[in-house]
Amino acid sequence: MSTLQPLGLFDHLTHKANLKHTRYGWLRLTPAYSVHLVSEILDTLPDKHPIVLDPFCGTGTTALVCAEKGIPCDTTDINPFLLWLTRTKTRTYTQAEVECFEQCACRVAEALCTNASKPSWLPSLHQIEKWWDMDTLQSLSLAFQMIIALEGQVSEAVADLLKIAFCRLMIERANVSFGHQSMSFKASENRQLSLSWAEHENREVWREATTAISRAARSRLLTEPRIFLCDARTLSEKLEGSHYSCVITSPPYPNRMSYIRELRPYMYWLGYLETAKDASELDWQAIGGTWGSATSKVGKWKPEESIEIPYCGFTQILESIAETSPLLSRYVHKYFYDMTFHIKTLRTVLKPGASVHYIVGNSKFYDVMLPVEEIYAALFRDANFVEVEIRAIRKRTSKKELFEFIVSAKAP
């Protein structure tokens, strides 16, 4: 059982801590955890030469901390956009590549000021006019087409830096807010900006983004992680057995927040998604996904009777949630059902005595508390992990009962 202590809201243990730290701040995504937390875990490991695994890559926080410390790290994810982001953030850039990026960025800046009657190309993002006004869309389209044209003339590394800068521009000029745990649209403003002012805003955002990226790209990394496209439920199909001595990760939380939903503007612009069907299918494949048709698939899902969640009271929790929403009850069941497969395959790639550290958050469905941290602890114990511990690390910003925890254990 976990014990809640009167913790404060520590920004240095949230994604906010990542915003001003070297490459961590290249792109603002909601699903990110603190660089300080990863660093503290690594600094307290008894193994001075660990081999680290992060099976839920996310924004690449664990991989980047390891790269800065010179620690070998492998990371996996089912989402190819997140793997691209991590690869771009953890790559070693030469001085020539950074200088080439700066030169190309000037050409993109010129495209931001070019007038056109209408955008030459736009992604098929649903209701795209809610995200950007037409003048901004025109400017973004011109900038992106310039990046695509330059892509055939420069190295992959330079092209990726340009795309990171574009993502910064695109999201900072979007009509969205990050004031909540998930991205949301801003309230409409009844004002019209002149085209010249809009161009000025675009140039300023682009200049700030490219300056920050150029500076951080020059920072020295001591090693580069290995990055694998892989389902966390089948790690043994891609990773070497009995290889890793430490796991530091933050899996998707069972709070029905779709990461595909959060990432869709980036993924549509960069070509990782083309249709709503693509988005919902990828979310269905991911653990905890409920975007689009994935919701209806959750509603039809049934577990194998032979697989039980080894937490006393789990069935009662599901029944309590089902009194209000059978769909959400099934969602919670499937989440932990999938996690049982993840932890079983995780065991096969760990060395004996390897330490695991999972940053998770509890959830609340209506009036029913879901003790996520305790269920994770039960899953580890059921898989014969030892020295299982739960530590509350911070109060979250939403409901007063919600906390974030580290669930730690050792492989047998």
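**Entry 1. H11 and H12**

I looked up the interface of two helices in this predicted model, and found that Phe-314, Leu-318, Ile-321 and Ala-322 of H11 meet Pro-326, Leu-328, Ser-329, Val-332, His-333 and Phe-336 of H12. I took contact to mean heavy atoms within 4.5 Å. Helices (H or I, at least four residues) and strands (E, at least two) are DSSP runs, numbered from the N terminus. The axes of H11 (residues 314–322) and H12 come within 7 Å and cross at roughly 150°. Axes here are lines fitted to C-alpha atoms, for helices over the stretch in contact, and angles run from 0 to 180 degrees between N-to-C directions. H11 and H12 are therefore roughly antiparallel to each other. The classes I used are: under 35 degrees roughly parallel, over 145 roughly antiparallel, 65 to 115 roughly perpendicular, and the rest oblique.

I noted the basis of the values: this is a predicted model, local features need pLDDT of at least 70, side-chain atom pairs count only at pLDDT 80 or more, and totals for chains, interfaces and linings use all residues. Residues are numbered from 1 along each chain as its sequence is written, and side-chain values use heavy atoms, with hydrogens and water left out.

**Entry 2. His-333**

Is His-333 buried or exposed? His-333, which lies in H12, is buried, with a relative accessible area of 19%. Buried means under 20% relative accessible area, exposed over 50%, and partly exposed in between (1.4 Å probe, protein chains only). Not counting residues up to four places away in sequence, I found that His-333 touches Trp-301, Pro-303, Ile-309, Phe-314 and Leu-318.

**Entry 3. The open sheet**

I traced an open sheet of 7 strands, with mixed pairing and the order E5-E2-E1-E6-E7-E11-E10. E5 and E10 (386–395) are the edge strands, each pairing on one side only. Two strands pair if DSSP finds at least two bridges between them. From one strand to the next, the twist averages 15°. E1 (residues 52–54) and E2 run parallel and are joined by 3 bridges; Val-52 has Cys-73 in E2 as its bridge partner.

H2 packs on the sheet, where it touches E1, E2 and E6 (244–249), and its direction makes about 165° with that of E2. H12 (residues 326–349) lies across E1, E6 and E7 (350–361), running at about 145° to E7.

**Entry 4. Ser-355**

I then turned to Ser-355, whose place is in strand E7. Ser-355 is buried, with a relative accessible area of 11%. Which residues is Ser-355 in contact with, leaving aside its neighbours within four places in sequence? They are Leu-45, Ser-245, Cys-246, Val-247, Ala-409 and Lys-410. The side chains of Ser-355 and His-357 are joined by a polar contact of 3.3 Å. A polar contact is a pair of N or O atoms within 3.5 Å; within protein, one must be able to donate a hydrogen and the other to accept it, and residues adjacent in sequence count only if both atoms are side-chain atoms. I also recorded 9.4 Å between the C-alpha atoms of Ser-355 and Phe-385, which are 30 residues apart along the chain.

**Entry 5. Helix H3**

I checked how far H3 (residues 80–89) is enclosed: 8 of its 10 residues are buried, so H3 is largely enclosed by the rest of the structure. The buried residues are Phe-81, Leu-82, Leu-83, Trp-84, Leu-85, Thr-86, Thr-88 and Lys-89. These residues pack against H2 (61–69), E2 (73–77), H6 (156–172), E5 (226–229) and H8 (259–269). What caps the N-terminal end of H3? Asn-79 does, with a side-chain oxygen 2.9 Å from the backbone nitrogen of Phe-81.

**Entry 6. Two oblique helix pairs**

For H4 (residues 95–112) and H6, I found axes that come within 9 Å and cross at roughly 45°; the two helices are therefore oblique to each other. Residues of H4 at this interface include Cys-100, Phe-101 and Cys-104, and those of H6 include Leu-161 and Leu-162.

H1 (residues 35–43) and H2 pack at an angle of about 55°, with their axes 9 Å apart, and they are therefore oblique to each other. Among the residues that meet are Val-38 and Leu-42 in H1, and Val-65 and Cys-66 in H2.

**Entry 7. Totals**

I closed with the whole protein, which has 13 helices and 11 strands. Buried residues make up 56% of its 412 residues. Of the contacts with a separation of 6 or more, 76% are between residues 24 or more positions apart.
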